[in-house]
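I opened the notebook to look up a sheet and a helix. The entries below follow the order in which I checked things.

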Amino acid sequence: MSKKVLVTGVAGFIGSHLVKSLHALGYQVAACDKVDPHSGLAGAADLADPFLARLRKDRLQACVTRLGVKYFQIDIGQADAFASVVAQWQPDTVVHLAAQAGVRHSMQAPMDFVTPNLVGFSHVLDACHRLQVPRLLYASSSSVYGMRSQVPFVESDRTDQPQSFYAATKMANELMAYAYHSQYGMASLGMRFFTVYGPWGRTDMAPFMFAQNIRRGLPIKVFGEGKLRRDFTYVDDIVEAIVGLVAHPSLVAGASIVNMGHQRPVEVNAFIDLLAGHLKRQPIIEYAPMQVADVALTCASEDRLLGMLGSWRETPLDKGLEYFVQWLQDWDPLD
Ligand SMILES: NC(=O)c1ccc[n+]([C@@H]2O[C@H](COP(=O)([O-])OP(=O)(O)OC[C@H]3O[C@@H](n4cnc5c(N)ncnc54)[C@H](O)[C@@H]3O)[C@@H](O)[C@H]2O)c1
């Protein structure tokens, strides 16, 4: 069993849940992010999103400050910043989640992805190698599969035709990790997450944006006539899988890749119906054409993950959205 874990991206959606869970299970866990825990900000650009800073600040409060978890405020894009954290904490497992996320954002500002996702990832890899961290788990993405109609998506499928620059950076991460395994024998596991949703979710993702507008009687913009299908995955399912992998170090060997999704794609229109049902409001939908960076469908084969863990929890979408709406109404009550 791993004893000392270091999680990057703890001010983020998945990282904050993971740290809380590892702490509750008795792991020695430390965490890092670029976000200032007092303001929730990491840069002036964050001010453009009215909910982002508050959300990050509250996440850090709940999963770091209140629990007494050691927090390092660093930018992984800066040389030696991550290595100095590893040198101080000496983890036996690093779970690297910090990144610039967001397929649509990468259409508007691809350069935002270069430092965190490519340079930062290199720093994480290299520090883990030089300071002999036994294993690295890192976030990849379903977006590496690109535009496919053949389902489910299997880890051995080709992934050399990304639809977005974001997907390209995630694919690059997988190749970089493979090279560090080939050159130095480093053990890593890339986790391809499939559309994660749930409490404390990201402000730039559909569940949060849709819910906030539906609650306020504002229109929601839905791409591709709402016919895009996504393998929505509840955040606790993702966290349980990561914890299972952390608990069994022998599962992280070579330079492997694993899908984290349930092979149950749902049309965005059906997703909106469920969400609006829990919000008890009628959505006002404005359809827009599919975006260039979007893919029509995501659908994970979960066979490899099941082979590794034996079993994996599955929260039904309706239940997960109920939990999400409960959290949102609590966190951001409307007057
Ligand atoms: N949420 C999803 O549906 C999903 C799907 C596929 C892949 N992923 C990947 O999973 C990981 C976690 O996703 P999330 O949804 O929690 O994202 P998030 O944006 O909520 O969290 C990412 C965190 O990384 C931090 N970060 C970014 N750049 C940094 C830097 N240079 N130095 C230090 N910290 C930095 C951010 O401050 C943020 O707190 C990401 O790598 C993302 O690409 C997420």
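In what order do the seven strands of the open sheet run? I found the order E3-E2-E1-E4-E5-E6-E11, with parallel pairing. The model is predicted, so I noted its limits: local features need pLDDT of at least 70, side-chain atom pairs count only at pLDDT 80 or more, and totals for chains, interfaces and linings use all residues. Residues are numbered from 1 along each chain as its sequence is written, and side-chain values use heavy atoms, without hydrogens and water.

**Sheet.** I took helices (H or I, at least four residues) and strands (E, at least two) as DSSP runs numbered from the N terminus. Two strands pair if DSSP finds at least two bridges between them. Strand E3 (70-73) and strand E11 (255-260) are the edge strands, each pairing on one side only.

**One pair.** I looked up strand E1 (residues 4-8) and strand E4 (residues 93-96), which run parallel and are joined by four bridges. Val5 has Thr93 in E4 as its bridge partner.

**Helix H9.** I checked the length of H9 (residues 268-279): at 1.5 Å a residue, its twelve residues should span 16 Å (1.5 Å times one less than the number of residues). The end C-alpha atoms are 16 Å apart, which agrees. The buried residues (under 20% relative accessible area, 1.4 Å probe, protein chains only) include Phe271, Ile272 and Leu275. Seen down the axis, the buried residues of H9 fall within an arc of 155 degrees (taken from the directions from the helix axis to the C-beta atoms), so they line one face of the helix. Just after H9, Lys280 takes a positive phi of about 55 degrees.

Terms used: Buried < 20%, exposed > 50% of the residue type's maximum accessible area, 1.4 Å probe, protein only.
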